[in-house]
Amino acid sequence: FYEFGAGWDLLTPLIYFMHGVRNQTIADISPNLKLELINYTIQRFATHHNTVEQMAGKTLQRIDPSPIRNTADLQSRFGITYQAPMDARATGLAANSIDVLTTTSVFEHIPAVDIPAILTESRRVLKPDGIVSFVVDPKDHYWFFDKSITLFNFLKFSDVAWSVINNSQVYQNRLRLFLE
């Protein structure tokens, strides 16, 4: 498994581990992991294991609730190798080496000009019979906090206005290339 845009809490990689995935490479363009959030996620999965198992409809690997101290603990306990910084346009991973490639709510934060290179690299590292899961959240991310605006509020701004308003900390590319 390879996931780019892993984020802070490793919710998805830990779910994959519970489902039996034993070798994952996860990456971020800059270090984003927050050990306290990962440990919170680990604790929640350990505490609510039976509920998660019922939701999955199958027996799942239990997660040891003891806290991790560093990324080496991720590798030894969960088979998760964290790489950051790592550029999804040029991963350094071997060609045809990945069975499953995922990213969740990441593409909307990547400049549209970089997406073709990421897709090319994704195809290069994926095995011919590999599986891809790219989840894109096209909503205006400020809508989550400000219900006075619409889900697609950010599309009403011209490209020039958006270049001034867009925030580098919560960058949204709006994927206009694909919407027009």
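This report walks through two helices, α1 and α4, and the strands β2 and β3 in a predicted model.

## Helix α1

A good place to begin is helix α1, which spans residues 11-18. Four of its residues are buried: Pro13, Leu14, Phe17 and Met18. These residues lie on the same side of α1, because the arc they cover around the axis is only 145°. The spacing has a simple background: an α-helix has 3.6 residues a turn, so residues three or four places apart point the same way.

What do the buried residues of α1 pack against? Their partners are the strands β1 (2-4), β2 (24-27) and β3 (80-83), together with the helices α2 (35-47), α3 (49-56) and α4 (71-78). Just after α1 comes Gly20, with a positive phi of about 105°.

## Helix α4

Now look at α4, where Asp73, Leu74 and Phe78 are buried. They sit on the same side of α4, since they cover an arc of only 105° around the axis. The elements that cover these buried residues include α1, α2 and β3.

Both ends of α4 have a detail to look for. At its start, a side-chain oxygen of Asn70 comes to within 3.0 Å of the backbone nitrogen of Ala72. Just after α4, Gly79 has a positive phi of about 70°.

## Strands β2 and β3

Strand β3 has two faces: Ile80 and Tyr82 make up the covered one, while Thr81 and Gln83 make up the uncovered one.

How do β2 and β3 pair, in the parallel or the antiparallel sense? They pair in the parallel sense, over 4 bridges. In β3, Gln83 is the bridge partner of Ala27.

Notes. Residues are numbered from 1 along each chain as its sequence is written. This is a predicted model: local features need pLDDT of at least 70, side-chain atom pairs count only at pLDDT 80 or more; totals for chains, interfaces and linings use all residues. Side-chain values use heavy atoms; hydrogens and water are left out. Buried means under 20% relative accessible area, exposed over 50%, partly exposed in between (1.4 Å probe, protein chains only). The arc is that of the directions from the helix axis to the C-beta atoms. Contact means heavy atoms within 4.5 Å. A polar contact is a pair of N or O atoms within 3.5 Å; within protein, one must be able to donate a hydrogen and the other to accept it, and residues adjacent in sequence count only if both atoms are side-chain atoms. Two strands pair if DSSP finds at least two bridges between them.
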